[in-house]
Amino acid sequence: PRIKEYAMDIQTAGQSLLSLINDILDFSRIESGKMEIVPVEYDFSSVIHDIANMIGTKAREKNLDLQVSVDSSLPSRLYGDEVRIRQILINLLNNGVKYTEKGSVQLDVKGTVQGDSVLLDFSVKDTGIGIKEEDIQKLFVEFERIEEQRNRHIEGTGLGINITTQLLELMGSHLSVESVYGNGSRFFFT
């Protein structure tokens, strides 16, 4: 059992390191103008299902409730950059789980069908620690971590939101944030 525990620690550390390296590489690609949005046809319900399973495991480890609500009128087959949409949602949901000690993290997806286009509205809301009003703009600065002293036990590089913001800009969108310090945050985009 002790060796198994050590192996799990090594696996977790390896995944954290891989995540860090991928963030740095994505940041470098974006900064050098080499990041491209690659639209393909994909199964939207599968993307949401996969993300919910992955984040659900992390949420259960912290005794958090992961709630996922998707507008049932949305088509299942969509055309867009599935990889980047997945990356953005995983980043926002991971942050929700990281910065929430009790309560829930919620993903809501709504949309508007306009001819052969669909405008998707995503919202990730948590009951976590929240963000002070004066710190919200710091979220968008690369390598910036807010309240470093308070959050020193939480893993992160300060790149996730910056990468998310830049990916959304490449897709013609914008990340918005609402937060009440001590009561949680909501990150949303269309």
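Leucine 64 is buried, with a relative accessible area of 7%. The cut-off for buried is under 20%. This is a predicted model. Leucine 64 sits in the loop between α2 and β2. Leaving aside residues up to four places away in sequence, leucine 64 touches Ala59, Val97, Thr100, Glu101, Lys102 and Gly103. Its C-alpha atom lies 7.3 Å from that of valine 105, and 41 residues separate the two along the chain.

Asparagine 63 belongs to the loop between α2 and β2 (65-70). Asparagine 63 is exposed, at a relative accessible area of 69%. The cut-off for exposed is over 50%. Its phi is positive, near 60°, and the residue is not a glycine. Most residues other than glycine have a negative phi. Another positive phi, about 75°, is found at glycine 172, just after α4.

**Chain overview**

The chain holds four helices and seven strands. Their order from the N terminus is α-β-α-β-β-α-β-β-α-β-β. Of the 190 residues, 39% are buried. The chain exposes about 11,200 Å², and carbon and sulfur atoms supply 53% of that area. Among contacts with a separation of 6 or more, 69% join residues 24 or more positions apart.

**Helix packing**

Two helix pairs involve α3.

| Pair | Axis distance | Angle | Crossing |
|---|---|---|---|
| α2 and α3 | within 10 Å | roughly 25° | right-handed |
| α3 and α4 | 10 Å | about 145° | left-handed |

The axes of α2 and α3 come within 10 Å and cross at roughly 25°. That angle makes α2 roughly parallel to α3. On the α2 side, the contact uses Val47, Ile48, Asp50, Ile51, Met54, Ile55, Lys58 and Ala59. On the α3 side, the partners are Glu82, Arg86, Leu89, Ile90, Leu93, Asn94 and Val97. An α-helix has 3.6 residues a turn, so residues three or four places apart point the same way.

α3 and α4 pack at about 145°, with their axes 10 Å apart. α3 contributes Arg84, Gln87, Ile88, Asn91, Leu92 and Asn95 to this contact, and α4 contributes Gly160, Ile161, Ile163, Thr164, Leu167 and Leu168.

How enclosed is α4 by the rest of the structure? It is largely enclosed, because nine of its eleven residues are buried. The buried residues are Gly160, Ile161, Asn162, Ile163, Thr164, Thr165, Gln166, Leu167 and Leu168.

**The nonpolar core**

The largest nonpolar core has 36 residues. Phe44, Leu89, Leu92, Leu93, Phe122, Phe187 and Phe189 touch the most other members. At least two core residues come from each of α2 (44-61), α3 (82-98), β4 (104-114), β5 (117-126), α4 (160-170) and β7 (184-189). α3 gives the most, with seven residues. In soluble globular proteins, nonpolar side chains tend to be buried together.

Which residues does leucine 92 touch, not counting those up to four places away in sequence? They are Val124, Ile161, Thr164, Leu175, Phe187 and Phe189. Phe187 and Phe189 are also among the core members with the most contacts to other members. Ile161 and Thr164 take part in the contact between α3 and α4 as well. Leu89 and Leu93, two more of these core members, lie on the α3 side of the contact with α2.

Technical notes:
Residues are numbered from 1 along each chain as its sequence is written. This is a predicted model: local features need pLDDT of at least 70, side-chain atom pairs count only at pLDDT 80 or more; totals for chains, interfaces and linings use all residues. Side-chain values use heavy atoms; hydrogens and water are left out. A nonpolar core is a set of buried Ala, Val, Leu, Ile, Met, Phe, Trp, Tyr and Cys residues joined through side-chain atoms within 4.5 Å. Buried means under 20% relative accessible area, exposed over 50%, partly exposed in between (1.4 Å probe, protein chains only). Contact means heavy atoms within 4.5 Å. Accessible areas come from the Shrake-Rupley method with a 1.4 Å probe; for residues, only the protein chains shown count as cover. Axes are lines fitted to C-alpha atoms, for helices over the stretch in contact, and angles run from 0 to 180 degrees between N-to-C directions. Angles under 35 degrees count as roughly parallel, over 145 as roughly antiparallel, 65 to 115 as roughly perpendicular and the rest as oblique. A crossing is left-handed if the near helix is turned anticlockwise from the far one by less than a right angle, and right-handed if clockwise.
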